[in-house]
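Here are some short exercises to work through with the structure open beside you. Try each task before you read its solution.

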Amino acid sequence: MQTIVIEFDSLDQMTQIFGPFDSNIKLIEKTLPVTITGQGDRVKVTGEEGAAQKAAQVLETLKKMRDNHEIVNENVVSQAIDLVDDGAADEAVMVMKDVITLTNKGKPVKCKTIGQRNYINAIKDHAVTICIGPAGTGKTYLAIAMAVDALKREEISRIILTRPAVEAGEHLGFLPGDLQSKVDPYLRPLYDALFEMLGEESFNRNLERGIIEVAPLAYMRGRTLNNSFVILDEAQNASLEQMFMVLTRLGEGSKIIVTGDVTQVDLMDRASGLERSAMILKDVDGIAISRLSNRDVVRHKLVRDIIKAFENYREKEDIKQRRKTDDTEHRRRSSHSRRIGLQKNHS
C-alpha cells in the first residue's frame, strides 16, 4: 500500500474539488481502488502503488483545471481520469487556456479536450474541415464559435447554416408556413448556439440583414459562397451527391465545416455520404478530416457511458456477424469439397 499527501493552495480550492457532499472524491474512489481523506488543506490518497499515483495525478489535474476557471463537477472529474489514463493531462490543461471567443454574457468558449483542440486547429488551417464524431463532442458548437469569432474579426461577411431536413421523415412542403418556419425546427440546435454566442437580439438583427443565413441543404445548389463561413450540420443525413454539391459551393475567402455522427443516420432510401466523402477527400490538400471519440464527450458523464455501451454492443454484434459469415463460408467450402470427392469416387 502507498499513501500520497497532496497540499491544496486554499481550503476553498479543496472544497470546490471535493464537490458537494464529496461527490467528486467518491467518483474517484469508485473508479480507482483508493481511499481519499482530507485533513485541513491536505489530502491523503491511500491505495496500491499504481492506483494511488493515478488518483494523485487526477487531483493535481483537477487543481489546474479549477485554476483555469473550470467548474469541477463529476463530468470534469471523469474527463480528468481519462486524461490521466491517456497520459495527456498536462497537455490538455494547457489546451483549456486558449479562448476561442466569448459568449454574449462574457463566458469564454474553450476547448476541453485535445481532440477538440485538433479540430479547432484544423478549421483554422484549412478551407474545408469534415468532423466526424459522436454526440456531445462539441462538433457543431465549436464550429459556430469559430464562425462567430471570424465574423467579429470581420474575416468573413456572413455565416450560412444548413442541414438536411430528414430527421422526422417529412418533406418540407408538407409543413405549414413559409420557408423560414419550415426550416426552423431542423436548425433549432444551431440557433441555440448562436443565441448563446451573440444574444437573441443581435442574432435576429443579423438574420434580418442577411449576415446570418439559414437554409435547407437543397437550397445550396447553384450558388457560389464567397467570404462566408458555411456550416453543414447533421451531414450523416446527406447523400454523397449532396456532399459533393455543398463542398463545391466554396468561394473566395470562405470556409466550409461539415459535421456529423455516422452512428445516427436517419436516411431510409439511400446511403450516407459523410464517411464516403471523408474517405474520398482524405488526401486532398486544403481539406482536413477531424475525428472525435467518446473521449471528447463534454456533455453529462452518462452520455459518454451510453456511447461506450453502444460501441461495445456494435463491436460484439460485428464479431458475431463475422463469425456467422465465416461459418457459412466454411460450410459452403466443406459441402463443395464433399461434392468434388463424391464426383471423383464415381469416376
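**Warm-up: the whole chain**

Of the 347 residues in the protein chain, 46% count as buried. Please keep in mind that this is a predicted model.

Task: Find how many helices and strands the protein chain has, and what share of its contacts join residues at least 24 apart.

Solution. Start with the secondary structure: the chain has twelve helices and eleven strands. Next, take the contacts between residues at least 6 apart in sequence; 70% of these join residues at least 24 apart.

**Exercise 1: the nonpolar cores**

Task: Locate the largest nonpolar core and work out where it lies relative to domain 1 and domain 2.

Solution. Step one is the core itself, which has 70 residues; Ile28, Val45, Leu59, Leu62 and Phe229 have the most contacts inside it. Step two is to ask which element gives the most: that is helix 7 (residues 139-152), with nine residues. Step three brings in the domains: domain 1 (2-95) and domain 2 (99-296) both contribute residues, so the core lies between them.

Now zoom in on Leu62. Setting aside neighbours within four places in sequence, Leu62 contacts Ile17, Ile28, Val72, Val76, Val77 and Ala80. Another core, of 22 residues, lies apart from the largest one and includes Ile132, Ala238, Met243 and Leu247. As a background note, nonpolar side chains tend to be buried together in soluble globular proteins.

**Exercise 2: two helices that cross**

Task: Decide whether helix 1 is roughly parallel or roughly perpendicular to helix 3, and say which residues meet.

Solution. First, the axes of helix 1 (residues 11-18) and helix 3 (residues 49-67) come within 10 Å and cross at roughly 110 degrees. Angles of 65 to 115 degrees count as roughly perpendicular, so helix 1 is roughly perpendicular to helix 3. Then list the partners: Asp12, Gln13, Gln16 and Ile17 from helix 1 meet Leu59, Leu62, Lys63, Arg66 and Asp67 from helix 3. Sorted by type, the residues of this contact are three nonpolar, two polar and four charged.

Follow-up: Is Gln13 buried or exposed? Gln13 sits in helix 1. Its relative accessible area is 0%, so Gln13 is buried. Leaving out neighbours within four places in sequence, Gln13 touches Phe8, Lys63, Arg66 and Asp67.

**Exercise 3: what helix 10 packs against**

Task: Pick out the buried residues of helix 10 and the elements they pack against.

Solution. Begin with helix 10 (residues 240-247), where Gln242, Met243, Met245, Val246 and Leu247 are buried. Then look outward: these buried residues pack against strand 6 (128-132), strand 9 (228-232), strand 10 (255-260) and helix 11 (274-281).

**Exercise 4: three loop residues**

Task: Place Asp41, Glu154 and Glu234 in their loops and classify their exposure.

Solution. Asp41 is in the loop between strand 2 (34-39) and strand 3 (42-47). With a relative accessible area of 38%, Asp41 is partly exposed. Although Asp41 and Phe8 are 33 residues apart along the chain, their C-alpha atoms are separated by 5.5 Å. Ignoring neighbours within four places in sequence, Asp41 contacts Ile6, Glu7, Phe8 and Met14.

Glu154 belongs to the loop between helix 7 and strand 7 (158-163). Its relative accessible area of 71% makes Glu154 exposed, and its phi is near 60 degrees, a positive value in a residue other than glycine.

Glu234 lies between strand 9 and helix 10, in a loop. Glu234 is partly exposed at 22% relative accessible area. Its phi is positive too, at about 55 degrees, although Glu234 is not a glycine.

Notes:
Residues numbered from 1 in each chain as written. Predicted model: local features only at pLDDT ≥ 70, side-chain atom pairs only at ≥ 80, totals over all residues. Heavy atoms only, no water. Core = buried A, V, L, I, M, F, W, Y, C linked by side-chain atoms within 4.5 Å. Buried < 20%, exposed > 50% of the residue type's maximum accessible area, 1.4 Å probe, protein only. Helix = DSSP H or I, 4+ residues; strand = E, 2+ residues; numbered from the N terminus. Domains from an automatic or database assignment. Contact = heavy atoms within 4.5 Å. Axes fitted to C-alpha atoms, helices over the stretch in contact; angles between N-to-C directions. Parallel < 35°, antiparallel > 145°, perpendicular 65-115°, else oblique. Nonpolar A, V, L, I, M, F, W, Y, C, P; charged D, E, K, R; others polar.
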